[in-house]
Amino acid sequence: MRLHPERKGIFRTTLPGMGECARVAMSAGDAAPFLERDMYEMLGFHPRFEDLPERPHAMPSAGAAHGIARA
């Protein structure tokens, strides 16, 4: 039985104003949807940051950028 949600990264990218970061699963809670590399590594997400597939210039949706969930 898992007591804590899995901390899972989806891909890595670079965002304007944020720099190098990882897109993480929504199960990451308050950390979602993007985490800076340092925080991703400090919180123990998997896979390792270097092993995430790279997606150049990913742009978050307008709602995600402001913490607004889609209906």
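A contact here means that heavy atoms lie within 4.5 Å. The exercises below concern a predicted model.

**Exercise 1. Describe the overall make-up of the chain, from its secondary structure to its contacts and its surface.**

Step 1. The chain contains two helices and three strands, and along the sequence these elements follow the order β-β-β-α-α.

Step 2. For contacts between residues at least 6 apart in sequence, 39% join residues that are at least 24 apart.

Step 3. Of the 71 residues of the chain, 28% count as buried, while the accessible surface comes to about 5200 Å², with 55% of that area belonging to carbon and sulfur atoms.

**Exercise 2. Work out how the three strands are paired, and trace the cross-strand partners of A22.**

Step 1. Strand 1 (residues 9-15) and strand 2 (residues 19-24) run antiparallel and are joined by six bridges; strand 2 is also joined to strand 3 (residues 34-36), again in antiparallel fashion, by three bridges.

Step 2. A22 in strand 2 is the bridge partner of R12, and A22 also stands opposite L35 in strand 3.

Step 3. Another facing position between the strands is that of F11, which stands opposite R23 in strand 2.

**Exercise 3. Find two backbone features, one in the hairpin and one in the loop between the helices, that call for a closer look at phi and omega.**

Step 1. As a rule, most residues other than glycine have a negative phi, and most peptide bonds are trans.

Step 2. The hairpin of strand 1 and strand 2 has three residues between the strands, and there G17 takes a positive phi near 80 degrees.

Step 3. The peptide bond from H46 to P47 is cis, with omega near -5 degrees, and P47 belongs to the loop between helix 1 (37-42) and helix 2 (62-65).

**Exercise 4. Classify the aromatic pairs, and then locate the arginine side chains that sit over rings.**

Step 1. With ring centres required to lie within 6.5 Å, the count comes to two aromatic pairs.

Step 2. Y40 and F45 form a stacked pair, at 5.1 Å centre to centre and with 25 degrees between the planes, and both Y40 and F45 are buried.

Step 3. Y40 and F49 form an edge-to-face pair, at 5.8 Å centre to centre and with 75 degrees between the planes; both Y40 and F49 are buried.

Step 4. Y40, F45 and F49 together form one aromatic cluster.

Step 5. Turning to the charges, the charged end of R23 sits over the ring of F34, 5.8 Å from its centre, and the charged end of R55 sits over the ring of F11, 4.1 Å from its centre.

**Exercise 5. Establish whether T13 is buried or exposed, and identify what it approaches from elsewhere in the sequence.**

Step 1. T13 lies in strand 1.

Step 2. The relative accessible area of T13 is 4%, and the cut-off for a buried residue is under 20%, so T13 is buried.

Step 3. Although T13 and H57 are 44 residues apart along the chain, their C-alpha atoms are separated by 6.1 Å.

Step 4. A polar atom of the T13 side chain lies 2.5 Å from the backbone oxygen of R55, and R55 is also the residue whose charged end sits over the ring of F11.

Technical notes
Residues are numbered from 1 along each chain as its sequence is written. This is a predicted model: local features need pLDDT of at least 70, side-chain atom pairs count only at pLDDT 80 or more; totals for chains, interfaces and linings use all residues. Side-chain values use heavy atoms; hydrogens and water are left out. Helices (H or I, at least four residues) and strands (E, at least two) are DSSP runs, numbered from the N terminus. Buried means under 20% relative accessible area, exposed over 50%, partly exposed in between (1.4 Å probe, protein chains only). Accessible areas come from the Shrake-Rupley method with a 1.4 Å probe; for residues, only the protein chains shown count as cover. Two strands pair if DSSP finds at least two bridges between them. Rings of Phe, Tyr and Trp (its six-membered ring) pair if their centres lie within 6.5 Å; planes under 30 degrees apart count as stacked, over 60 as edge-to-face and the rest as tilted. A charge sits over a ring if NZ of Lys or CZ of Arg is within 6 Å of the ring centre and within 35 degrees of the ring normal. A polar contact is a pair of N or O atoms within 3.5 Å; within protein, one must be able to donate a hydrogen and the other to accept it, and residues adjacent in sequence count only if both atoms are side-chain atoms.
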